[in-house]
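Subject: Structure handover

Hello,

Here is the structure for you to take over. My notes on what was found in it follow below.

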Amino acid sequence: MKSGPGTSGLILNEPLLWEKGKKGRRGMSIPTSDVPEAVLDAGLTGAGPDFPDLSEIDIVRHYTRLSQWNFGVDTGMYPLGSCTMKYNPKINDKLAATPEIASAHPMLDDGSVQGTLQIMYELQKYLAAITGMDAVSLQPSAGAQGELAGMLVFAAYHRSRGSVRTKILIPDTAHGTNPASAALCGFRPVALKANAQGVLDVQAVADLMDDETAGIMLTNPNTLGIFETNIRQIADIVHAKGGLVYGDGANMNAIMGIVDIKKCGVDVMHLNLHKTFSTPHGGGGPGAGPVCVVRELERFLPVPRAVKDSEGYRLEFDRPESIGRVHGFHGNFSVLVRAWSYIRSMGPDNLKKASQLAVLNANYIKERLKKDLHLPYDRPCMHECVFSDLFQHENGVKTLDMAKRLIDHGYHPPTIYFPLVVPGAIMIEPTETECKEDIDLFIEVVQQVVAEAREKPELLLQAPVRTKLRRLDETQAARHPCLRG
Amino acid sequence: MRYLPHTREEITEMLAVVGKDSLEGLFDAIPLECRFAGEIPIPPALTEWQLGDQMREIAASMAVGPDHTVLVGAGRYHHHIPETIHALINRSEFLTAYTPYQPEMAQGTLQGIFEYQTLTARLLGMDVANASLYDGGSALAEALLMGLRVVKKSRRVAVSAAVHPHYRAVARTYLQSTGFELVELPYGPDGRTDVSSLQNMTELAAVAVQSPNFFGVVEDLEAAGTAIHAAGALFVSCFTEPLAFGLLKNPGQCGADIVCGEGQSLGMAPSFGGAALGMFACREEFVRNMPGRLVGETVDLEGRRGFVLTLSTREQHIRREKATSNICSNQGICAMIAGMYMASLGGSGIRELARLNYDKAQYLRAELEKAGATLVFQGPTFNEFVVRFDRDFAPIRQRLKEQKIVAGIDLGRYYSELSGCYLFCVTETISRQTLDRVVREVSL
């Protein structure tokens, strides 16, 4: 049996920043003053922060060592379900750092910043084209903020019609941000259960949808990796009762050029540019969560947006029914540039191909692993597949243990314990950028871990052992919080 | 396409395992009425080199570029960024990692964020800082919502009119469907917030004041805090220019309960307003009401020091609609940059740099006054200030622009009563020579 890429190497220790350095050192140059010292009001001044003083090489070694304790997409396969950890192209980073773009100031007049406005305008257009929706705001900084903007659009729409709606339907498979975002807009989440096939029933929606319900918030493909086949009928029911349909676009990577979101009956959707459009996750951010709407809701989108007229590009503010700003400026602009660059690099054919290959990779893994791991919903999946640890219970091994053992073998584990409707869930999303031989090796390694669970479960219970640190005590961290040094 | 590794043969082999004849067949379950018709209507693919040409054209269309001197701050500041930051932050172990949910393979991110939290707490004079929020605007909105959670049964929050107008707009957006009321406190003739109206307000949960404020004026935070606490509300101290706390008293020292603001100044380029960094800190007693991620110290199985995400029972993936916020990320890389920048400056460096910003801005302020400009507000300033001219400044500003200098912004757009008043910013990146040129044009 082949082994995974995991091994151990020389990893260096590194203290915390303030445990090194000497007063008087300096890590960056500061210009010498060419102006006289101004008078300073002693009543306003403080002592300045207690920062360590470090030299440039102290800084460089510190962060280089820290980086070596991390694992990224560039390091290896990162099959983290629902996160779309695809390759992040280098040219995107380079273009985002273009000096004219990086130095652009957001408070200047439109005439000074035609280039950055052009990028915004084009990206708005491309995202509308890819989803089939009519209008786009790029302001939301992340998926969750896109959801919030979308839910505020729901609220503004109902308010504009004099309709008071206090509830929102949210499937039990949903990501936790969905109910949290809806709650911020005064909507009480009403849980919808998925059926035995892992999708929503039309009747279940019909039973709950009433004229006090603002609409439905669903993810399609859903978090089980399954396409909500009844979406059009569900949307018709919601619309007939005066509600709106929100589509969480977290899983757009499965359906580019294949599904037309507007034709599904979706009125508002957000996209995660850090998933589908290849921008780096940065260890937690920044992301970008543009929100796309149908024509009737365009008037509620955040302001400003980029528009184009005979004189060029400009920012449009005059939208009296807008929900307002969700960002101090134009969202995470450097992330937007990267997504623009990705879409221009891919073009229409490759975007569609990316979705096809993402779905092929996931189905291939599902077929090849379903004898080794329990597959609660055995049906064709989209870009990710969800297993559970049911078969391993007899060995006293849980999902967490298998995940930790995968680390020793050189893989970032899949998403675990999500979605909540599958106990012990193991959610694998390979993405399209993994090639067949790497996927084959990953499959073999998972099979090896499953064999270890049977034969030497201790290996899993002790894992990981090849990392710099072993399992960390999360209970102690929460019981006795130490949040700063 | 270089990002798509599958060969035709591999696709055929994989389809056979899956039991499909074609890639299209993978989507059989999708109803016909939901299908995308035709090709996605976007331009065809470009090679890396064509894309580079395209970007050069776009860059050339920027009338204000890197060879300009931009005397504008207003929430986004031009500071020198050391080359080390570019080199370190592009290490893809940081850049291409996900949220550190598997701490054993994310100790780099986790220690880096723990250090960011620590340096941020020290800079702001607070007990605890979180792992960051999206930007200064949403950080203010989250601070007000947090105030409403802490001071239960209160329905109202107040924000100074001298807080960045865009931040106030974001706060209004966040609160618009909550049923809570947001009121504005006026600014006085010295450019500082007038807190006298607080005496008559009831049911106040939180009051936000920015310092230095949008006019560049350093607020009397201690006095504001006393008045806010007397009104029974939490004191939210907001900022757009954290470098100021290298020199000025920090908000914690002045009694702030929650501190929030934008961290772009700490090593990030203006980049048309984003990526941004929402910095957020509070007093220890409020930590369980705090929004956003937190990294905490712990030990591994062998007792060695390590770091994990913690106190997640506040967060949406556990509490769902009862969470302290809907946020489920942080501005990871931006927070790492801020940590690197604060460490590169060090305690003595940040003081020197803050002093330099202060001295240069004071120099221009004084020279413009000598040249006939009027200081609109008499309050003390840091690296921004507002002036009015005794004649139309627009043609002078145009002449300066032809010399590649952007001289301030007109505040009329944000405050109708301040039309013709210009907000200037001077940082360490501006030479005295350039400042003298501005003064000369004004004097002509």
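To begin with a detail in chain A: P286(A) sits in the loop that runs between β6 (268-271) and β7 (291-293) of chain A. The peptide bond leading into this proline, from G285(A) to P286(A), is cis, with omega near 0 degrees. Please keep in mind that the model is predicted.

Another cis bond links V303(A) to P304(A), where omega is near -5 degrees. P304(A) belongs to the loop between β7 and β8 (305-309) of chain A. As background, most peptide bonds are trans, and most residues other than glycine have a negative phi.

The second part of that background bears on two residues. In chain A, Y417(A) is not a glycine but has a positive phi, near 60 degrees. Y417(A) lies in the loop between β11 and β12 of chain A. With 18 other C-beta atoms within 10 Å, Y417(A) counts as partly exposed. In chain B, K153(B) also is not a glycine, and its phi is positive at about 75 degrees. K153(B) is located in the loop between α6 (136-150) and β3 (156-160) of chain B. Here there are 7 other C-beta atoms within 10 Å, so K153(B) is exposed.

The loop that holds Y417(A) connects β11 and β12 of chain A, and both strands belong to an open sheet. That sheet has 3 strands in the order β10-β12-β11 (chain A), with antiparallel pairing. β10 (385-388) and β11 (415-416) of chain A are the edge strands; each has a single partner strand, so one side of each has no neighbour in the sheet. The antiparallel pairing of β10(A) with strand β12 (residues 425-428) of chain A runs over 4 bridges. Within it, F387(A) stands opposite I426(A) of β12(A).

On chain A as a whole: there are 13 helices and 12 strands. The C-alpha atoms fill a box of roughly 75 × 65 × 45 Å along the principal axes. The radius of gyration of chain A is 25 Å, which agrees with the value near 23 Å for a compact globule of 485 residues. Of the 485 residues in chain A, 60% are buried. Among contacts in chain A with a separation of 6 or more, 73% join residues 24 or more positions apart.

One helix to look at is α5 (residues 143-160) of chain A, which has 18 residues and reaches 25 Å from its first C-alpha to its last, close to the expected 26 Å. α5(A) is mostly covered, with 16 of its 18 residues buried. After α5(A) comes G162(A), which has a positive phi, near 65 degrees.

For chain B, the domain assignment gives domain 1 (69-81 + 346-443) and domain 2 (84-341). Their centres, taken over C-alpha atoms, are 27 Å apart. In chain B, 26 residues of domain 1 are in contact with 27 residues of domain 2. On the domain 1 side of this contact, α10(B) gives the most, with 7 residues. By class, that side has 13 nonpolar, 9 polar and 4 charged residues.

Finally, the contact between the chains takes 168 residues from chain A and 164 residues from chain B. Helix α9 (residues 333-369) of chain A gives the most to the chain A side, with 23 residues. That side has 85 nonpolar, 54 polar and 29 charged residues.

Regards

Definitions and conventions:
Residues numbered from 1 in each chain as written. Chains lettered and ligands numbered in written order. Predicted model: local features only at pLDDT ≥ 70, side-chain atom pairs only at ≥ 80, totals over all residues. Contact = placed C-beta atoms within 7 Å. Helix = DSSP H or I, 4+ residues; strand = E, 2+ residues; numbered from the N terminus. Nonpolar A, V, L, I, M, F, W, Y, C, P; charged D, E, K, R; others polar. Rg over C-alpha atoms; globule rule 2.2 N^0.38 Å. Buried ≥ 20, exposed ≤ 12 C-beta atoms within 10 Å, placed from the backbone. Expected span 1.5 Å × (residues − 1). Domains from an automatic or database assignment. Pairing = 2+ DSSP bridges.
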